[in-house]
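Student: Could we go through this model together, one topic at a time? I would like to begin with the annotated domains.

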Amino acid sequence: MARATPHAPSELDQLPDRDPQETAEWRESLGAVTAHAGEERAAYLMRRTLEHGRNTGLALPGLLETDYLNTIPTAAEPQFPGDEAMESRITAWNRWNAAAMVTRGSRLGLGGHIATFASAAWLYEIGFQHFFRGKDDQASGGSGDQLFIQGHASPGIYARAFLDGRLTEGHLDRFRQEAGGDGLPSYPHPRRLPWLWEFPTVSMGIGPISAIYQARFNRYLTGRGIKDTSGSHVWAFLGDGEMDEPESTAALALAGREQLDNLTFVINCNLQRLDGPVRPNFKIVQELEAQFRAAGWHVIKSLWGTAWDDLFRLDTSGALVRRLREVPDAQFQTYATREVGYIREHFFGADPELAQLGRQLSDAQITECFHRSRGGHEPRKVYAAYRAAVEHRGAPTVILAQTVKGWTLGEGFESRNANHQMKKLDNEQFRTMRDLLELPIPDSALAGELVPYVHPGPDSPEVRYLRERRAELGGPAPARKVRPVALPEPSAKPFDALAKGSGSQEIATTMAFVRLVKDLMREKESGRRWVPIVPDEARTFGMESLFPSAGMYSPLGQTYDPVDRDQLLYYKEAENGQILNEGITEAGSVADFTAAATSYATHGEPMIPFYIFYSMFGWQRTGDQLWAFADQLGRGFMIGATAGRTTMTGEGLQHADGHSPLLASTNTAALTYDPAFAYEVGVIVRDGLRRMYGPDADQHEDVFYYLTVYNEPKVQPPMPEGVEEGILRGLYRFRTGEAPAADSPRIQLLASGTAVHWILDAQRMLAEEWGVTADVWSAPSWSELRREALACDEAQLRGEDRVPYVTRALEGAPGPVLAVSDWMRAVPDQISQWVEQDWSSLGTDGFGLSDTREAARRHFGVDAESVVVAALSRLARRGEVKRETVREAAQRYGLA
Ligand SMILES: Cc1ncc(C[n+]2csc(CCOP(=O)(O)OP(=O)(O)O)c2C)c(N)n1
Ligand SMILES: [Mg+2]
């Protein structure tokens, strides 16, 4: 604990001291106790006084750190309701089968983790036996609890699903062999094993932030009157090393502030990560405790096993507690592997009072405490912590459970720095483990090449016990269950409005989208299911008009009188607010988006989230979360607003997005569209609603949409006849050029997004000034064209002859093809290999800059004039236009 400077200024200095003499007396008595009974005693008295004061309701600040001790003393533990011997056997089998499964797979070089689950086995088992509600649990309305499981603990979870009968030996033997179709994924991947895993967690840091927003979203659903989720609890199992990821702690304060007592973090504090200790020279548990307490969490430390109680009883001087506080983690890890002599010398020998205490202990006692006895390895302690967590009101709980990494795997594994990546035990190690865990496996079974799995049989008392416990808690866990719900098709009106065009009015596609959603949010059936998510940019996107009608979600509603209350579009917060305005956190917003987009599975309540953000701060900042989103089979709309490298004026290099569609195209579940016109937005959203939520529930697809929309006001044309299919597939001819003569040179201009306006200008200039005919194509999705073409290529490998849509669409179109967009060239180039004409592209490669749209477009060579010169140049290369014409054009437009 930090020591304060004695004369540091204090905020109390500016308040009157009503009785300075009394204050001085209190100080003096503290000084006297310190002088006579020592610092330890003085601190103890102060702690007790503080505790007493708080318990009697005085407004005293809490401490950020407590001693390196258990929060719940053994004597205060509740009665353990289970059959401990039975649960020990079950845990032992899980440990064995998890280790066997990875070891058996190791001969194929497929990898896997053993040490993590070994340290966490009891943390999971107590949850499964006594706490985690399954999907059939009525009280939670079929939602069950939401379990975020440490990714590389998966072998233990598979081992348990093997015991409960959901997996077979065959499955376990296909761990990490998924190509055949029925293997077990390495980690919790719902996309790969959708009936078992709910939450993909293995990219460190994404689990914790997702869990917080999941708990928060559960509250939102209740606040909105969509579903009572008060029967669900969110459990997140995390590694102490994982807590270093920024996302892991980014939303702790939100959870504290919003008093999410439906959330428990269980942090497996084995003090190790992959390479070695998490905090070699410090104490990770203490650091985490302070961090969580500061964020308003209820903290439970479960550090020591019962064997330590005898030691603490002897600690009359406080020397033991002091020493435990000062020994850094890596040293403690070393004690766990050393002989008792070393521990006596280095731990107890550091202090005469402690040496005195040590002499009262037997060697066996010391070994037991330092090598084995940890809070996270004792079912009663884990149970006590969980009970306290679920009963705590008004704050989320974090359980800091100390364990030994590799526990029960023998000396070769336990507390060893390299144990994270050890992928097999030899037969001798298995024999030692069998003896330690008292498993009924004969030596003969361990003589062969492959270590056997053990299963006591479906009718054994253990399996019956396990099944009964699960039946009582609402069925197996973890489990993912989709009960498809169809939403009625929205009325045609809002889409018709976009299809009509804007007349002479100029509106940006961002505004067109916002108006559309505003209309859709009024739909009788599906309107309330929309979840607008925005990280503090609603005004930027013209969404403030939603504030008063939809309201922003806040569990407290509005406890203040908003400054703009007298205005129409005032800042309205409400307990049933529909908008999630998260403040400036894209990571938090994606976590929200994920919870809402998977509500169809988690809660059986389809929600339609649209997450709208500054396009530059989307994919590159939160790409990994969006990868997890895809893994979790999320459905919804992502809207990259202020899109394009040159379209948002004046913001410059770190704002000017010229590549997000390319990043999005790397996410297989994302359907990326770059609409040019309002009607394209309408067609895409309408189809998205059908594919993700539509009337045919069995046909719902696990995809999500990424739409880029622009802030450049333009006249929106009416929708031409019969273009819907082309829009959705990604390409259609928007305006055919009129050739003055049959043999006049001709070119095909393709563009997406706002660039379509540039090629329309270029089309006119080419015709009027240079006698060149251009056909204008709108390409709302380069990546969907590519996806379909790739599927055709795959079909070719099966001997089929499928011609890609893009090839067919352009078939016979005369002249070369020139593609233009406000993105880097690689975006349109995605389709080049399937275009049979001469292909070339223009784009905004390079870093962005701030200037007017015109100047920026000229800088990148994508404005109408540049397109004209490029088009003439392509035609000149083919001999269809003279070279001098190209030079002349470049000069005329000031490009040369
Ligand atoms: C973002 C990310 N970076 C790196 C990894 C690789 N990785 C997997 S587990 C691990 C160590 C985990 O340590 P800890 O969180 O303490 O878990 P333990 O196994 O000790 O319980 C690492 C670095 C990952 N999965 N995700
Ligand atoms: Mg760890």
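Student: Which residues does UniProt list for "domain: Transketolase N-terminal"?

Tutor: The UniProt record, an unreviewed entry, lists residues 150-303 under that name. In this predicted model, the span is 35% helix and 12% strand. The C-alpha atoms at the ends of residues 150-303 are 20 Å apart.

Student: And which residues are listed for "domain: Pyruvate dehydrogenase E1 component middle"?

Tutor: Residues 487-713, again according to the unreviewed UniProt entry. There the chain is 33% helix and 15% strand, with 33 Å between the end C-alpha atoms.

Student: What about "domain: Transketolase-like C-terminal"?

Tutor: For that one the unreviewed UniProt entry gives residues 730-863. Helix makes up 34% of the span and strand 18%, and its end C-alpha atoms are separated by 23 Å.

Student: How is the chain divided into domains in the model itself?

Tutor: The assignment has domain 1 at 29-63, domain 2 at 83-303 + 374-472, domain 3 at 493-715 and domain 4 at 734-892. Taken over C-alpha atoms, the centres of domain 1 and domain 2 are 39 Å apart.

Student: Turning to the ligand, which residues come nearest to ligand 1?

Tutor: T116, G239, G241, E242 and R273 do, out of 19 residues around ligand 1.

Student: How is that shell made up by class?

Tutor: The shell around ligand 1 has 11 polar residues, four nonpolar and four charged.

Student: Next, the core. Which residues touch the most other members of the largest nonpolar core?

Tutor: I267, L749, V820 and A871, in a core of 238 residues. Helix α4, residues 115-130, contributes the largest share of this core, with 10 residues.

Student: What is L749 in contact with?

Tutor: Setting aside neighbours within four places in sequence, L749 is in contact with I759, A762, Q763, A774, D775, V776, W777, L818, V820 and A871. V820 and A871 also appear among the residues that touch the most other core members.

Student: Back to helix α4, then. Is Q129 buried or exposed?

Tutor: Q129, which is found in helix α4, is buried because 23 other C-beta atoms lie within 10 Å, and 20 or more is the cut-off for that class. Leaving aside residues within four places in sequence, Q129 is in contact with G82, E87 and R469.

Student: How far apart are Q129 and L663?

Tutor: They are 534 residues apart in sequence, and their C-alpha atoms are 43 Å apart in space.

Student: How many residues of helix α5 are buried?

Tutor: In α5, residues 154-163, 10 of its 10 residues are buried. Among them are I157, Y158, F162 and L163.

Student: Which helices do those buried residues pack against?

Tutor: The buried residues of α5 pack against α3 (84-106), α4, α6 (169-172) and α19. Just after α5, G165 has a positive phi of about 95 degrees.

Student: Which residues have a positive phi although they are not glycine?

Tutor: T408 is one of them, at about 75 degrees, and D536 is another, at about 55 degrees. T408 is in the loop between β5 (397-402) and α18 (427-437), whereas D536 is in the loop between β7 (530-534) and α22 (546-550).

Student: Why do T408 and D536 fall into their respective burial classes?

Tutor: T408 counts as buried because it has 21 C-beta neighbours inside 10 Å. D536 has 15 such neighbours, so D536 counts as partly exposed.

Student: Where is the cis peptide bond, and what is its omega?

Tutor: The bond from A477 to P478 is cis, with omega near -5 degrees. P478 is placed in the loop between α19 (461-472) and α20 (493-499).

Student: One last residue: where is L520, and is it buried or exposed?

Tutor: L520 is in helix α21, residues 509-520. It is buried, because there are 22 C-beta neighbours inside 10 Å of L520.

Student: What does L520 touch?

Tutor: Not counting residues up to four places away in sequence, L520 touches P490, P494, G527 and W530. L520 and P490 are 30 residues apart in sequence and 7.1 Å apart in space, C-alpha to C-alpha.

Methods
Residues numbered from 1 in each chain as written. Chains lettered and ligands numbered in written order. Predicted model: local features only at pLDDT ≥ 70, side-chain atom pairs only at ≥ 80, totals over all residues. Core = buried A, V, L, I, M, F, W, Y, C linked by C-beta atoms within 7 Å. Buried ≥ 20, exposed ≤ 12 C-beta atoms within 10 Å, placed from the backbone. Helix = DSSP H or I, 4+ residues; strand = E, 2+ residues; numbered from the N terminus. Contact = placed C-beta atoms within 7 Å. Near = placed C-beta within 6 Å. Nonpolar A, V, L, I, M, F, W, Y, C, P; charged D, E, K, R; others polar. Domains from an automatic or database assignment. UniProt positions renumbered as here; feature names shortened; annotations may be inferred.
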